Amino acid sequence: MRLTLKVWRQKNAQDPGRFVTYEHPDVDEHMSFLEMLDVLNQRLIEQGDDPIAFDHDCREGICGMCSLMINGEAHGPERATTVCQLHMRFFKDGDSVTIEPWRARAFPVIKDLIVDRSAFDRIIQTAGFISVGTGAPAEANSIPVPKTNADRAMDAAACIGCGACVAACPNASAMLFTSAKIGHLNLLPQGQPERYQRVARMVRQMEQEGFGACTNMGECEAVCPKEISMDFISMMNKDLIGAMRRGIRD
């Protein structure tokens, strides 16, 4: 299969960047998208050119590192699929494929297709954990948790922090990511003591990082590879109101 790839190349954050076109004549339909880039990079190295820099790690759809915009869609054309799980059989011979990094002020480009997503780490560092001293660990089965809460907490915990929600949102909002990280703790008994302080701190940090506001466009949920629901944003906003009523600001 022959493809024409239009890839964003950018040396560093200060470089204006540009699209570079590559002809890729030997693409196997059984390759993953990242394997296709590996083959292209091998050819570039053999030609003495600088290989395309892109993020990857587990290549199993778990880590969220393989974050690319493919033909204008976060993670590509297949729903609930990360880039590393996207296979070339979903493209046709002769296709032109445009590959870009995430576009958001809070995600500055490091090089080529790699962006700095440490803003997500800083949001979690503010309160995305349980720090209350509870003594020796209790037997898990002795803590009653309604099944509906346990299931919803697991749904929120599925977030891999890839940033697709930010990349797809017209406002570059991080509300879906932040609400998922808040929700999976606030739904469980262990997260209740710090519930309102958690939401106040994490939302404040999210705003300080320069992410935009949510206007309920729904693009975040549409591109999320783990299909996390926007309902978590509603839950977060409800808890944020609760924090404000209690006078908790951060």
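**Exercise 1.** Is His75 buried or exposed?

*Solution.* The model is a predicted one. Begin with the location: His75 lies in the loop that connects E4 and E5. Next, consider the relative accessible area of His75, which is 0%. Buried means a value under 20%. His75 is therefore buried. Finally, examine the polar partner: the His75 side chain comes to 3.2 Å from the backbone nitrogen of Val83.

**Exercise 2.** Determine the strand order of the open sheet and identify its edge strands.

*Solution.* The open sheet contains five strands, and their order reads E2-E1-E5-E3-E4. The pairing within this sheet is mixed. At the edges stand strand E2 (18-24) and strand E4 (73-74), each of which pairs on one side only.

**Exercise 3.** Describe how strand E1 pairs with E2 and with E5, and name residues that stand opposite each other.

*Solution.* Take E2 as the initial partner. E1 and E2 run antiparallel and are joined by seven bridges. In this pairing, Arg9 is placed opposite Arg18 of E2. Then turn to E5: strand E1 (residues 3-9) pairs with strand E5 (residues 96-100) in the parallel sense, over four bridges. Here Thr4 faces Ser96 of E5, and Val7 faces Ile99 of E5.

**Exercise 4.** Why is E1 described as largely enclosed by the rest of the structure?

*Solution.* Count the buried residues of the strand. Of the seven residues in E1, six are buried, so E1 is largely enclosed by the rest of the structure. One element to consider is helix H1 (residues 33-46), which lies across E1, E2, strand E3 (69-70) and E5. H1 runs at about 90 degrees to E2.

**Exercise 5.** Classify the packing of helices H6 and H8, and characterise the residues at their contact.

*Solution.*

1. Geometry: helix H6 (residues 195-208) packs against helix H8 (residues 231-245) at an angle of about 105 degrees, and their axes are 8 Å apart.
2. Classification: angles from 65 to 115 degrees count as roughly perpendicular. H6 and H8 are therefore roughly perpendicular to each other.
3. Participants: H6 contributes Arg195, Tyr196, Val199, Ala200 and Val203, which meet Met236, Asp239, Leu240, Gly242 and Ala243 of H8.
4. Composition: the residues of this H6 contact with H8 comprise seven nonpolar, one polar and two charged.

Key
Residues are numbered from 1 along each chain as its sequence is written. This is a predicted model: local features need pLDDT of at least 70, side-chain atom pairs count only at pLDDT 80 or more; totals for chains, interfaces and linings use all residues. Side-chain values use heavy atoms; hydrogens and water are left out. Axes are lines fitted to C-alpha atoms, for helices over the stretch in contact, and angles run from 0 to 180 degrees between N-to-C directions. Helices (H or I, at least four residues) and strands (E, at least two) are DSSP runs, numbered from the N terminus. Angles under 35 degrees count as roughly parallel, over 145 as roughly antiparallel, 65 to 115 as roughly perpendicular and the rest as oblique. Contact means heavy atoms within 4.5 Å. Ala, Val, Leu, Ile, Met, Phe, Trp, Tyr, Cys and Pro count as nonpolar, Asp, Glu, Lys and Arg as charged, and the others, Gly among them, as polar. Two strands pair if DSSP finds at least two bridges between them. Buried means under 20% relative accessible area, exposed over 50%, partly exposed in between (1.4 Å probe, protein chains only). A polar contact is a pair of N or O atoms within 3.5 Å; within protein, one must be able to donate a hydrogen and the other to accept it, and residues adjacent in sequence count only if both atoms are side-chain atoms.
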